[in-house]
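User: I'd like to learn how to read a few backbone and interface features from a model. Can you walk me through one?

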Amino acid sequence: MNTLLVLPVAIPLITATIALLFRNHASLQRWVGVLGMVVLLGSVMVLFRDVYVDGIQVLQLGDWEAPFGITLVADMLSMLMLGISAIMGLVIAVYSLYDIDKERERFGYYPLLHVLLMGVNGSFLTGDIFNLYVWFEVMLIASFILLALGNSKNQLQGALKYVVINLFSSLIFLFGVAMLYGMTGTLNMADLAVRLPEVENVGLVTTVAMIFMLSFGIKAAIFPLFFWLPASYHTPPVAISAVFGGLLTKVGVYALIRVFTLLFTQDIGYTHDILLWVAGFTMVTGVLGAASHYEFRKILSFHIVSQIGYMIMGLAFNTALGLMGAIFYVLHNILAKSNLFLISGISQRLLGTFELKQMGGLYRHYPFLAVLFLVSAFALAGFPPLSGFWAKLSLVKAGLSIEMYLITAVAILVGLLTLFSMIKIWMTAFWGTVPEEGVPEHFGKMPLFGAGSLYIMVLPVMAVAGLILLVGLYAQPLLEVCLMAAEQLLDPNVYIEAVMGPQ
Amino acid sequence: MDTILPILAGAIFATGIYLLLRRSLILTIIGIILISNSVNLALFSLGRLNIENPPLIAAGSVVPEAPFANPLPQALILTAIVIGFGLLAFALALAYRSYKELGTVDQDSMLEDPEDTSAAIVNESENREEKEG
């Protein structure tokens, strides 16, 4: 029992409530928003230590014994995801101080951001499949409002697609939960892991597995279920795009990793084969979609899809090395991808547009911003010594060690095509000449730091770029922790015993 | 009941899918409502139906006397209904707002407007003045 486990859920809730009370004091609300993220990050660090030293931590809410009550479980995977979500929460909250306009703040931007994080953290921590559905809905309703906040025409259209497809996916998820309950009579994930192998009708279990794959696949934006993502993620303000692009799809990936390592391991030849094919197609279609677009954030949105493919590939390998690569990839990708979104926001502030054809001259006038972009973009493409290199290397190694040559070749090729898109942005927005018309007056004159500059937006970007460099240059500790998480996933008995007590 | 309810749930689900695929936004949302109800029905019937005793514990004993009706699926459905209600209320408000802004509920004629960048691009000087002033 570790009561600290409620903190990652309780702190965002308390912060959101306090921030709501200050809705008429904009500046106070902003600082409550940032402070809440700092406290959250601190609590996650304390928990991380507990899990690292003492193994999986469990809390039975209301002291109801498993499997009767709701259980919160923190294993290494949960902690890594919680850690990265707390870091990104802090980064986004600081960036939003400048990026989010007064109108959105008045309509509750900061409380919503915290409610969103509460849903995300709850999904990472829960050990009950119905409770996971509830956390998904908490996350969804906050994301719906954040996406539509501001009511511009494009935002409304993007939000409509996002809302309809996500409601549908949640309902399929709920149906899958109902099937599981009908078959086993339990909702606790550890208990399910014990009882599912006892179900005689293996075909039915596999059917339910596919229902879950469909539902989480929509949320994670895998092929062929990703079309809603590039249609909606580029419409809201950049800070919101960044938190969506970085975190939300990864919650879907987390759910896929969780259920396909803990629950549905009866017919691996079937389910994980499908995952492998899906991974390959996701990588290729995403990167080709990115190659055909000329809007900064649309390119990034398609790359989200393409990168999801790598994570699913690691999951489909179902080996310790593959899962380690997948988890490391998730962490690295959240950093690199969110940072690119944040940089696109700064570029837009300077040049007044997201259209690559109307951008240029950033390298000449803002070389430091160009360096920050290069670090993130090269990390995304997988250049040594940045974080993406180790992520791709471990996945490629995992693929070669179990002789999956074709998918490994696809992964490497897609890495090259990623570089192509990044170079496309670099050649136009950074190296290109300054466009002759339509450039705002302050371009070239406004410094990145000092009074009247964008420094509030640049500082978080610098911090994340620093983290990418740190993870790249000193990857070993993080790789070891990821391997620990992967080994816990591959041995469900550890999880089951932590929740249900010795069997 | 054990055979009627699943068939009914399936029929409602199919109707919902048909409506979901229509061009009109209103029909799409009604489709979601139908699917939501059919999933609740499925949840209800998958929890095993029986018309035995209510799940009440008699005075003096610790567990209810079997066979009794399973209360858990009903608790789950109640939760799902409340959540679904909230989300659908939001979806309807969003649809109404889009109709006001875009002047149509036909999803095929909702195309992205490249001129509309108001969401992302805030007037730089104005924003700063507002925040600092």
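Analyst: We'll go through the backbone oddities, then the chain contact, then chain B. Keep in mind that this is a predicted model.

User: Let's start with the backbone. What is the usual pattern for phi and for peptide bonds?

Analyst: Most residues other than glycine have a negative phi, and most peptide bonds are trans. The exceptions are what you scan for.

User: Which residues does a cis peptide bond join on the N-terminal side of α10 of chain A, in the loop that holds Pro224(A)?

Analyst: That bond joins Phe223(A) and Pro224(A), with omega at about -5 degrees. Pro224(A) sits in the loop between α9 (202-220) and α10 (228-232) of chain A. There's another cis bond, linking Pro384(A) to Pro385(A), where omega is about 5 degrees. Pro385(A) belongs to the loop between α16 (367-381) and α17 (387-401) of chain A.

User: And what is phi of Ala221(A)?

Analyst: Phi of Ala221(A) is near 60 degrees, a positive value in a residue that isn't glycine. Ala221(A) is found in the loop between α9 and α10 of chain A. Asn318(A) also has a positive phi, of about 60 degrees, and it's not a glycine either. You'll find Asn318(A) in the loop between α13 (296-317) and α14 of chain A.

User: Is Ala221(A) buried or exposed, and why?

Analyst: The idea is to count C-beta neighbours, with 20 or more within 10 Å as the cut-off for buried. Ala221(A) counts as buried because it has 26 C-beta neighbours inside 10 Å. Asn318(A) is buried too, since 20 other C-beta atoms lie within 10 Å.

User: Now the contact between chains. How many residues does each chain give to the contact?

Analyst: Start with the two sides, then ask which elements supply them. Chain A gives 39 residues and chain B gives 35 residues. On the side of chain A that touches chain B, the elements giving two or more residues are α6 (129-148), α7 (153-184) and α14 (320-351) of chain A. The largest share there is that of α7(A), with 18 residues.

User: What is the make-up of that side of chain A by class?

Analyst: It has 23 nonpolar, eleven polar and five charged residues.

User: Last one: how many helices and strands does chain B have?

Analyst: Chain B has four helices and zero strands, so to speak an α-α-α-α pattern when read along the sequence. Of its 133 residues, 24% count as buried. For sequence range, take contacts in chain B between residues at least 6 apart: 52% of them join residues at least 24 apart.

Conventions
Residues are numbered from 1 along each chain as its sequence is written. Chains are lettered from A and ligands numbered from 1 in the order in which they are written. This is a predicted model: local features need pLDDT of at least 70, side-chain atom pairs count only at pLDDT 80 or more; totals for chains, interfaces and linings use all residues. Two residues are in contact if their C-beta atoms, placed from the backbone, lie within 7 Å. Ala, Val, Leu, Ile, Met, Phe, Trp, Tyr, Cys and Pro count as nonpolar, Asp, Glu, Lys and Arg as charged, and the others, Gly among them, as polar. A residue is buried if 20 or more other C-beta atoms lie within 10 Å of its own, exposed if 12 or fewer, and partly exposed in between; C-beta atoms are placed from the backbone.
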